[in-house]
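Open your viewer and get ready to click along. We'll go from stop to stop, selecting something new each time.

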Amino acid sequence: MSSQLSEQWVKVEDLYLDPNNPRFADITDSPLRIPSSKITESSVQEVALERILQDRFEVRQLKYSILKIGFLPVDRLVVTPISGHDGKYVVIEGNRRLAAVKDLLRDRDSGEIDIPEAVLSSITEIPVLVIAEADEQRRTDIAKVYQGIRHISGIRPFGPYQQAELVHSMLER
């Protein structure tokens, strides 16, 4: 499956939040199904950003971490091309990180914060992995596999001893 991924650097303005993000599914809400043809509409993106900025998704903590140390390119966003919009991508994996970046840039544009130049350069163009599959349905299927791997099986955290050892070595440096 990794052969279906291509690494690219993409400007933030060419990255779109997924308005159908599975994270938005809630027992009290019926899931929205926004057609892919509407993903790039500003009103759709505004609603998606406001939804993911809700406290329950803990984007605020991520936002201030990025403001302090910049965007870490280690954990790439996974995106798919938006049909009919060359060079535009919807984020399949990494919507919280993209929302944090977009909210930081929005705060900067409104004059609420200053972003250090080193941080700003790390968030204006972001490294992504593009699902390089021509067929849209096949791209969707591949995206579901990545989401499942990431959010169902997840990354196995270090144990307490390994965490302590890492913090200790960081403090010594």
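**Stop 1: a strand with two partners**

Select Val-78 and you'll find it standing opposite Leu-129 in β5. Helices (H or I, at least four residues) and strands (E, at least two) are DSSP runs, numbered from the N terminus. Before we go on, some housekeeping: this is a predicted model, where local features need pLDDT of at least 70, side-chain atom pairs count only at pLDDT 80 or more, and totals for chains, interfaces and linings use all residues. Residues are numbered from 1 along each chain as its sequence is written, and side-chain values use heavy atoms, with hydrogens and water left out.

Now colour β3 (residues 77-81) together with β5: the two run parallel and are joined by 3 bridges. Two strands count as paired if DSSP finds at least two bridges between them. Next, add strand β1 (residues 5-11), which pairs with β5 in the antiparallel sense over 7 bridges. To see one spot in that pairing, pick Ser-6, which stands opposite Val-130 in β5.

How many of the 7 residues of strand β5 are buried? For β5 (residues 125-131) it is 6 of the 7, so the strand is largely enclosed by the rest of the structure. Buried means under 20% relative accessible area, exposed means over 50%, and partly exposed is in between (1.4 Å probe, protein chains only).

**Stop 2: helix α3**

Jump to α3 (residues 95-109). This helix has 15 residues and reaches 21 Å from its first C-alpha to its last, close to the 21 Å expected at 1.5 Å a residue. That expected span is 1.5 Å times one less than the number of residues. Buried residues in α3 include Leu-98, Val-101 and Leu-105. Just after the helix, click Gly-111, whose phi is positive, near 85°.

**Stop 3: charged pairs**

Side chains of opposite charge can pair when their charged atoms come close. A salt bridge here is a side-chain nitrogen of Lys or Arg within 4 Å of a carboxyl oxygen of Asp or Glu, and the whole structure has 9 of them.

Select Asp-103 and Lys-63: they form a salt bridge, with the closest N and O atoms 2.7 Å apart. This pair links distant parts of the chain, since Asp-103 is in α3 and Lys-63 in helix α2, 40 residues apart. Are they buried or exposed? Asp-103 counts as buried, at 8% relative accessibility, and Lys-63 counts as buried too, at 7%. Add Glu-50, Arg-106 and Asp-107 to the selection, and you have a network of salt bridges that takes in Lys-63 and Asp-103.

At Arg-108, look for the salt bridge with Asp-109, where the closest N and O atoms are 2.8 Å apart. Arg-108 is partly exposed at 30% relative accessibility, while Asp-109 is exposed at 59%.

**Stop 4: two loops**

Find Ile-113, in the loop between α3 and α4 (117-124). What does Ile-113 touch, not counting residues up to four places away in sequence? Its contacts (heavy atoms within 4.5 Å) are Leu-67, Leu-104, Asp-107 and Arg-108. Ile-113 and Leu-67 are 46 residues apart in sequence, and their C-alphas are 9.8 Å apart in space.

Finish at Glu-58, in the loop between α1 (42-52) and α2 (59-69). Check its backbone: Glu-58 has a positive phi of about 55° although it is not a glycine. With 46% relative accessibility, Glu-58 counts as partly exposed.
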